[in-house]
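Let's take a relaxed tour of a small set of features in one protein model. Have a look at the picture first, then read on.

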Amino acid sequence: MDTYTYSYRTDSSNEPIGRVQATGLFEARRKIAYIKRLDVDYVDILFKIKKIDDHGKQNRKDSR
């Protein structure tokens with residue numbers, strides 16, 4: 001499973017407001033829609049979804 005973050009489209013800083021684990025982008029969209037209680041079509045309108053690569057995870061405190 002991959003990790004996806006999402007942020008508001010209108011936010012110029014692109015600060016992630018949440019993250020989900022999913023096998024693909026479509027599943028990530030469905031999970032975000034479920035979390036935010038929205039229709040899946042509104043997820044694309046309101047949020048930017050990005051896949052986190054392994055390099056992004058290395059900045060965590062527990063990785064060595």
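Is R37 buried or exposed? R37 is exposed, because its relative accessible area is 76%, and the cut-off for that word is over 50%. Keep in mind that this is a predicted model.

Where does R37 sit? You'll find R37 in the loop between α1 (25-36) and α2 (40-46). Its backbone has a quirk too: phi of R37 is near 55°, a positive value in a residue other than glycine.

Now hop over to N14, in the loop that links β1 (2-8) with β2 (18-22). Phi of N14 is near 55°, and again that's a positive value in a non-glycine residue. N14 counts as partly exposed, because its relative accessible area is 28%, which falls between the 20% and 50% cut-offs.

Here are the two loop residues side by side:

| Residue | Phi | Relative accessible area |
|---|---|---|
| N14 | near 55° | 28% |
| R37 | near 55° | 76% |

Next, the inside. In soluble globular proteins, nonpolar side chains tend to be buried together. The largest nonpolar core in this model has ten residues: Y4, Y6, V20, A22, A28, I32, A33, V43, F47 and I49. At least two of these core residues come from each of β1, β2, α1 and β3 (47-52). The top contributor is α1, which gives three residues.

Let's zoom in on one core member, A33. Leaving out residues up to four places away in sequence, A33 touches L38, D39, V40 and V43. One of those partners, V43, is itself listed in the core.

Note on methods:
Residues are numbered from 1 along each chain as its sequence is written. This is a predicted model: local features need pLDDT of at least 70, side-chain atom pairs count only at pLDDT 80 or more; totals for chains, interfaces and linings use all residues. Side-chain values use heavy atoms; hydrogens and water are left out. Helices (H or I, at least four residues) and strands (E, at least two) are DSSP runs, numbered from the N terminus. Buried means under 20% relative accessible area, exposed over 50%, partly exposed in between (1.4 Å probe, protein chains only). A nonpolar core is a set of buried Ala, Val, Leu, Ile, Met, Phe, Trp, Tyr and Cys residues joined through side-chain atoms within 4.5 Å. Contact means heavy atoms within 4.5 Å.
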